[in-house]
Amino acid sequence: MRITQLMRGALLAGTAGAVFLFERRRRARAYVERRSTHAGRNLVVAGLAAATVHTLETPAVMPLARLAASRRWGIVGKLRGPNWLRDLAAIVLLDYTLYVWHILVHRVPWLWRFHLVHHVDLDLDASTGLRFHAGEIAASIPWRAAQVVAIGVTPRALTVWQSLTIASVLFHHSNVRFDERVERILSWIVATPKMHVIHHSIDPTQLLSNFSSGLAIWDRLHRTARFDADPSDVTVGVVGHLDPEAVTLPRILELPFSTRDLPPISHG
Ligand SMILES: [Zn+2]
């Protein structure tokens with residue numbers, strides 16, 4: 001089956017629309033900043049990230065995926081079985097290695113400088129899910145290339161995984177409160193808004209938990225899952241960056257290059 005632009009567009013527009021509605025009707029937390037200021041700033045950062053994907057990541061990674069498919073590279077390339085099953089295995093492995101990458105951007109100091117831009121948002125909603133510094137996107141390209149080669153990711157698997165990941169990221173960053181029981185069931189399958197707001201907490205030990213971006217199983221397998229806070233009670237942000245004046249658009253764009261010491265987080 002071919003994955004058409006229309007299917008991708010429908011998935012992403014449908015998810016964005018549903019999240020937008022839920023954020024109006026079932027909001028978990030009041031906004032610290034004006035919502036329009038917050039969303040506008042995040043969309044500018046997201047636009048720069050999207051431009052980096054378009055101009056740097058896709059031209060580097062997509063040809064590699066074509067090569068990986070034609071030469072049967074990587075773990076999945078060596079497997080027998082129908083194409084759809086091998087693509088499914090590739091998508092699961094891409095999701096797992098994204099979990100590993102997320103831990104790396106928290107643990108490696110220079111990567112944390114870029115990932116910090118995502119975390120210093122004082123509010124957490126779907127727009128935060130798109131707010132990654134262009135430098136973090138650029139830094140992730142060699143990792144993405146390694147994923148494609150080592151796993152043996154085909155262009156179709158890559159496209160489907162990218163779409164599912166964006167949909168999942170919009171969902172788990174959303175400022176939405178679900179019924180406790182629904183949340184508990186969902187959290188066995190995918191990263192949920194409750195899990196992810198704990199990851200965005202100002203509490204440094206909560207910050208080093210809930211790294212999953214798609215399937216929630218990775219956090220459970222590696223014992224990095226935490227559920228010990230109510231989504232409405234979490235204070236979002238990073239200690240040392242809680243003043244709204246310190247997280248304006250120009251300040252966050254230059255944050256990775258700041259010469260002042262950034263708060264250490266490589267502990268815990
Ligand atoms: Zn993070």
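1. The buried residues of helix α2 are covered by elements that include α6 (134-152), α7 and α12 (249-254). The model described in this note is a predicted one. Within α2, the buried positions are H38, R41, N42, V45, A46, A49, T52, E57, V61, M62, A65 and A68.

2. Helix α2 spans residues 35-70 and bends by about 50 degrees at E57. A proline, P59, follows the bend within four residues. E57 is itself among the buried residues of the helix. Just after α2, R72 adopts a positive phi of about 50 degrees.

3. Aromatic contacts deserve separate comment: the structure holds eight aromatic pairs. In one of them, the ring centres of F22 and F178 are 5.7 Å apart and the planes stand at 50 degrees, so this pair is classed as tilted. The pair links distant parts of the chain, since F22 belongs to helix α1 (residues 5-25) while F178 sits in the loop between α7 (155-173) and α8 (180-186), 156 residues apart. F22 counts as partly exposed because its relative accessibility is 38%. F178, at 18% relative accessibility, falls under the 20% limit and therefore counts as buried.

4. A further tilted aromatic pair is formed by Y96 and W218, with 4.9 Å from centre to centre and 55 degrees between the planes. Y96 lies in helix α4 (residues 83-107) and W218 in helix α11 (residues 217-221), so the pair ties together parts that are 122 residues apart in sequence. With a relative accessibility of 25%, Y96 counts as partly exposed, whereas W218 is buried, its relative accessible area being 11%. Both residues belong to a cluster in which ring pairs link Y96, Y99, F211 and W218.

5. One arginine is placed against an aromatic ring: R220 lies over the face of W188, at 3.5 Å from the ring centre. R220 falls within the residue range of helix α11 (residues 217-221), the helix that also contains W218.

6. On internal space, a search of the whole structure finds one cavity of 30 Å³ or more. The largest cavity encloses about 80 Å³. Its lining consists of V176, R177, F178, E180, E183, P193, K194, D230 and P231. The elements that contribute two or more residues to this lining are α8 and α9 (193-199). F178 thus appears in two of the settings described here, as a partner of F22 in a tilted pair and as a lining residue of the largest cavity.

Methods:
Residues are numbered from 1 along each chain as its sequence is written. This is a predicted model: local features need pLDDT of at least 70, side-chain atom pairs count only at pLDDT 80 or more; totals for chains, interfaces and linings use all residues. Side-chain values use heavy atoms; hydrogens and water are left out. Rings of Phe, Tyr and Trp (its six-membered ring) pair if their centres lie within 6.5 Å; planes under 30 degrees apart count as stacked, over 60 as edge-to-face and the rest as tilted. Buried means under 20% relative accessible area, exposed over 50%, partly exposed in between (1.4 Å probe, protein chains only). A charge sits over a ring if NZ of Lys or CZ of Arg is within 6 Å of the ring centre and within 35 degrees of the ring normal. The bend at a residue is the angle between axes fitted to the seven residues ending there and the seven starting there. Contact means heavy atoms within 4.5 Å. On a 1 Å grid over the protein atoms alone, a cavity is a set of points where a 1.4 Å probe fits but cannot get out, and a pocket is an open set with protein on both sides within 12 Å along at least five of seven lines; lining residues have an atom within 4 Å of a point. Grid points are joined across faces, edges and corners, and a volume is the space filled by probe spheres set on the points.
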